[in-house]
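Work through the exercises below with the sequence and the coordinates at hand. Try each task before reading its solution.

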Amino acid sequence: MEALISIVLGTLTACGVYLILRFHTFPVVLGLTFLSYAANLFLLVMGRLTIGKPPVITEGVTDYADPLPQALVLTAIVISFAMTAFVIMLSLKAYAAMGNDHVDGKHKL
Amino acid sequence: MNLLLISLTPFMGAIFAAAISRLGRLHSAWAAVVVALLALLLLLPLIPDVFAGQTLIQRISWIPMFGLDVAFRLDGLALLFALLILGIGILIIVYARYYLSERDDMGRFYAYLLLFMGSMLGIALSENIIQLLIFWELTSLSSFLLISYWQNRQESRSGARMALAVTGAGGLALLGGFLILGDIVGSYDLSVILASGDTIRSDPLYRPMLILVLLGAFTKSAQFPFHFWLPNAMAAPTPVSAYLHSATMVKAGVFLLARLFPALSGTTEWFLLVGMTGLATLVIAAYFALFKHDLKGLLAYSTISHLGLITLLFGIGTPLAAVAGVFHIINHAIFKASLFMAAGIIDHETGTRDMRRLRGLWMYMPYTASLAMVAAASMAGVPLFNGFLSKEMFFSETLFYIEESWGWLLPAAATMAGVFAVAYSLRFIHNVFFNGVPVNLPKTPHEPPRWMKVPIEVLVALCLLVGIFPAVTVEPILAVAANSMLQAPLPEYDLAIWHGFNPAVWMSMIALAGGVTVYFMRAPLLHLQDKLGERLEFKTAYNYFLEKLFHYTTQITHWLNPNSLQRMVFVFIIFILALGASGFFGGVGSLTGPYELLPVDGVSLLVAMVIIIAAIATAYMHQQRFVALILIGAVGLGVALIFIKFSAPDLALTQLSVEVVTIVLLLLALYFLPQQSPTESNKLRQIRDLVVAVAAGCGVGALIWAVLTRPYETIADYFLANSVTGGGGTNVVNVILVDFRGYDTLGEITVLALAGLGIYAMLDHLHLTGTSQDANGRPWDRDMHPVVMASFTRLLLPLALLVAMFILLRGHNLPGGGFIAGLITAVTLVMQYLANGVTWTQSRLPANIHSIIGYGLLIAVVTGLASWLFQYPFLTSTFRHIHWPLIGEFELASAMVFDLGVYLVVVSATLLILINLGLVHSMTLLPKSKKHSRKWKH
């Protein structure tokens, strides 16, 4: 399972890095989204992989998944959304102002 | 005793004065007088204690961990300064009321002035030196506002900026000095610092500390070579100059020297640095003052010169010199304030400050002329005026080192400066009020309004009273001030006008005679100086420095930032790769650790495959933007499944709802953007990026593998153990969010709120047109709001809201909470927009969502503050179990109210973002649909 997670996260990162190196705003935003997936998952698995032990205190249960990374990631997901929204609006604004959607505001390929 | 209140009164008064000016422009002047009088009244009852030799200290605990208290101190020196600041401040307020014209905003002026007054009082009354520094910086900032009061004038702005740059840089140095000083002594309290002079002087860090502290004091007091900001600050309104350069701003520097005198003085370094700087400033500025054609320029340089004199006295370091220094601080404040005000009257009445045009004003304003003459005589050091007394003390103190081989230097330079002081004082009077008739004045001068002269009359009366009866007027306050400055018994001294024919008298007489001679021989000197022009001024050097600074910083910026995002991102990623790789290769042991691995099951494998395929497909097909968006949605859902698998139900819920919102948002945005990215022609570059991406992916994968196969320690046990007993909730993730780490969450929802508002601002006035067909040229479906979908979403709304409420309420104990409930609500409402159209939905929702963001934040903060009422720290939560009929046992926790705040911020910020983008849509659609309807009519 650990290997699988490593591969998934590696793939997400690779796709994210490839996309943020593109020339146009929309793929860059998609790339950022990929990177936030990867970062959020990365944070979660720092608490190691735990299956079927949600950190909700139940009588008679003593073993739980680490709640701390989860709390960190929960807000991180929401903040990532705010960031994605901000960046996409910025790219819309730039598109309106510059007339093209190149990340540097230049029209070239 | 409430020293805190005294120094806070002007700050509160500033708001009051600004607010009241809306009722009438003159109100703020009277408000300012009342505020200053109030502060003075609060101070008065404490005076007897100070005269009895007490040092009053008021202490309020602030950050005890760092040894920082809000601490105020009132002793003789502080009292003297507080009286000068408030007393002259009141006169300035009255004067400015008549000086400012109809066009000037009085509320703003008095607000700034009171702000400045409060900052100065803070410096004078601070016991803690870090706190002193805060007020110190506040004077820099508020003086910036005052100097740039006439914002539309270029010289005001540049003068203010220069003053801020110089004094701000000095403030930074001072901070360094204070930190070292605090480190040496082990305390930031003046009481301790003043008592440990020997420890400080013998410390190896004494020299760097002294230099840093002196840099702060010298920049503030406009000492050579930092003096150049002061003449340029003359662009300020004259009442401001009169206040800043007589009793306050520049006096803060010498106040600091006086304050720390017992702790820092008495070494060779002190004598050389302080004494020589003072000497240079005294002579150079006195020389320049004579040649200024601008009336205020003359006063500016004379101010610098007199500050140099005070600095030199402190540098000489004898107790008697220190007394003379304090005495001169008083005298200079009195005569310089009145001279500035007189200059202001002349400027006000004639419309010019150029001394080449101002002549023979005696005929027009004899009364003002008489007042100015008294003040100028005091500045020149003529007997029977107050300036004479301290100047004579100064002259005799310069003889202290006469036994040394270079000992003649001090008295010679002092006499020289005295000569120029007499000459420029004479020029101020003779040139302006006599010496022929006015040359081409913009308006015919006459005496100013009665109350514009009253402040000068008060000060001039003081000049005379102090000058003639020093023992009964100034002696008591001088004694307590000098005593608290020295922290030691006072030396013997006698404030008499006549001490017999001692060397000081001869020096005075030489200065008087020499000054008169120099003044009447001024023509060739002036001519020479005009030819040399501004080359001798540091302003040129400063401007050159600034220019070069901007030039080089621009170059460095260009070099670091080549204006290409891809290149910068590329460099960034390469750098991270290199860092990561060095970690692996220089690291310890094998990649795989000893931790026991989990087995892989079929479903997990399947989900992982889906995510991987969807992700690669997204990257591969990113030019087909719509397809890529759908694919990335699949990836996001896969991520939610991973969260479920690994025991994070809260995260799964959040991810699921965020995913929906994100995709809707990106879809909306995509409508305006090109539907396809153009094909990239540079294959080589694509391959390069691919290699970098794969390397990054492998690095992250390897890193995770290495971490996951190793055991770890967690601090989570604390949260698991205390969640129920301390936080009153069984859902530990939620309890961490709203209770243990509530402060973080507050910060995070603030970020969300700011992002929402930022987007709201960005979308304002955004004009974009979308396409009406898809990438293949097929038109969009005209039926934008299908009836079936609209009806179903309307039916769904109450149910979905109920679910959201349920999730919100149960969040403390089971997966859910404010974030998730907020997102669910937002999704539900966005669905209404999608299905029913913006107009339909908008008319059924509160109009301004952005105010709800504010309420949400307010609820969260107020919940936190409420714990203060019960003497608990910020954001401490409490809970109680209540048995409700029918519902059964129900838990109420204050953290749930906090969660409600979170909920409101999340709902409103998300909606704000989506709806405003949607509104841009409907605006682009509106004209089109009108066009359509018109077509159909035909």
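The exercises treat a predicted model and go from whole chains to single residues.

**Exercise 1. Describe the secondary structure and burial of chain A and of chain B.**

Step 1. Take the elements of chain A. There are 3 helices and 0 strands, and from the N terminus on the order is α-α-α.

Step 2. Do the same for chain B, which has 39 helices and 4 strands.

Step 3. Turn to burial. In chain A, 62% of the 109 residues count as buried; in chain B, 49% of the 938 residues do.

Step 4. Look at how contacts span the sequence. In chain A, contacts between residues at least 6 apart in sequence are taken, and 53% of them join residues at least 24 apart. In chain B, residues 24 or more positions apart account for 79% of the contacts with a separation of 6 or more.

**Exercise 2. Describe the side of chain A that touches chain B.**

Step 1. Count the residues: 75 of chain A are in contact with 99 of chain B.

Step 2. Assign the chain A residues to elements. Helix H1 (2–20), helix H2 (25–45) and helix H3 (67–98) of chain A each supply at least two residues of this side. The most comes from H3(A), with 22 residues.

Step 3. Sort the residues of this side of chain A by type. There are 55 nonpolar, 12 polar and 8 charged residues.

**Exercise 3. Which residues have the most contacts inside the largest nonpolar core?**

Step 1. The largest nonpolar core has 208 residues, and those with the most contacts inside it are Ala17(B), Ile85(B) and Ala375(B).

Step 2. Follow Ile85(B) outwards, leaving out residues up to four places away in sequence. Ile85(B) then touches Met117(B), Met120(B), Leu121(B), Ala124(B), Ala247(B) and Thr248(B).

Step 3. Look for a second core. A separate one of 129 residues includes Leu651(B), Leu708(B), Leu911(B) and Leu912(B).

**Exercise 4. Determine how two helix pairs of chain B are oriented.**

Step 1. Start with helix H15 (residues 268–290) and helix H16 (residues 295–316) of chain B. Their axes are 7 Å apart and the packing angle is about 155°.

Step 2. Apply the cut-off: angles over 145 degrees count as roughly antiparallel. H15(B) is therefore roughly antiparallel to H16(B).

Step 3. Add the handedness and the residue types. H15(B) passes H16(B) in a left-handed crossing. The contact of H15(B) with H16(B) holds 17 nonpolar residues, 9 polar and no charged.

Step 4. Repeat for helix H6 (residues 129–147) and helix H7 (residues 154–185) of chain B. Here the angle is about 175° and the axes are 8 Å apart, so H6(B) is roughly antiparallel to H7(B). The contact of H6(B) with H7(B) divides into 13 nonpolar, 8 polar and 1 charged.

**Exercise 5. Find the backbone features in the loop between H10 and H11 of chain B, then examine Gln487(B).**

Step 1. Check the peptide bonds. Phe224(B) and Pro225(B) are joined by a cis peptide bond, with omega about 0°. Pro225(B) lies in the loop between helix H10 (206–220) and helix H11 (229–232) of chain B.

Step 2. Check phi. Ala222(B) is not a glycine, yet has a positive phi of about 55°. Ala222(B) is also found in the loop between H10 and H11 of chain B.

Step 3. Consider Gln487(B), a non-glycine residue with a positive phi of about 55°. Gln487(B) is in the loop between helix H23 (475–486) and helix H24 (503–520) of chain B.

Step 4. Compare the surroundings. A residue is buried if 20 or more other C-beta atoms lie within 10 Å of its own. Ala222(B) has 28 such atoms within 10 Å and is therefore buried. Gln487(B) has 16 other C-beta atoms within 10 Å and is therefore partly exposed.

**Exercise 6. Is Ala380(B) buried or exposed, and what does Ala380(B) touch?**

Step 1. Locate Ala380(B): it is in helix H18 (residues 366–380) of chain B.

Step 2. Count its neighbours. There are 26 C-beta neighbours inside 10 Å, so Ala380(B) counts as buried.

Step 3. List the contacts beyond four places in sequence. Ala380(B) is in contact with Ala421(B), Val422(B), Ser425(B), Leu426(B) and Gly515(B).

Step 4. Compare sequence and space for one pair. Ala380(B) and Val419(B) are 39 residues apart in sequence, and their C-alpha atoms are 8.7 Å apart.

Terms used
Residues are numbered from 1 along each chain as its sequence is written. Chains are lettered from A and ligands numbered from 1 in the order in which they are written. This is a predicted model: local features need pLDDT of at least 70, side-chain atom pairs count only at pLDDT 80 or more; totals for chains, interfaces and linings use all residues. Two residues are in contact if their C-beta atoms, placed from the backbone, lie within 7 Å. Ala, Val, Leu, Ile, Met, Phe, Trp, Tyr, Cys and Pro count as nonpolar, Asp, Glu, Lys and Arg as charged, and the others, Gly among them, as polar. A nonpolar core is a set of buried Ala, Val, Leu, Ile, Met, Phe, Trp, Tyr and Cys residues joined through C-beta atoms within 7 Å. A residue is buried if 20 or more other C-beta atoms lie within 10 Å of its own, exposed if 12 or fewer, and partly exposed in between; C-beta atoms are placed from the backbone. Axes are lines fitted to C-alpha atoms, for helices over the stretch in contact, and angles run from 0 to 180 degrees between N-to-C directions. Angles under 35 degrees count as roughly parallel, over 145 as roughly antiparallel, 65 to 115 as roughly perpendicular and the rest as oblique. A crossing is left-handed if the near helix is turned anticlockwise from the far one by less than a right angle, and right-handed if clockwise.
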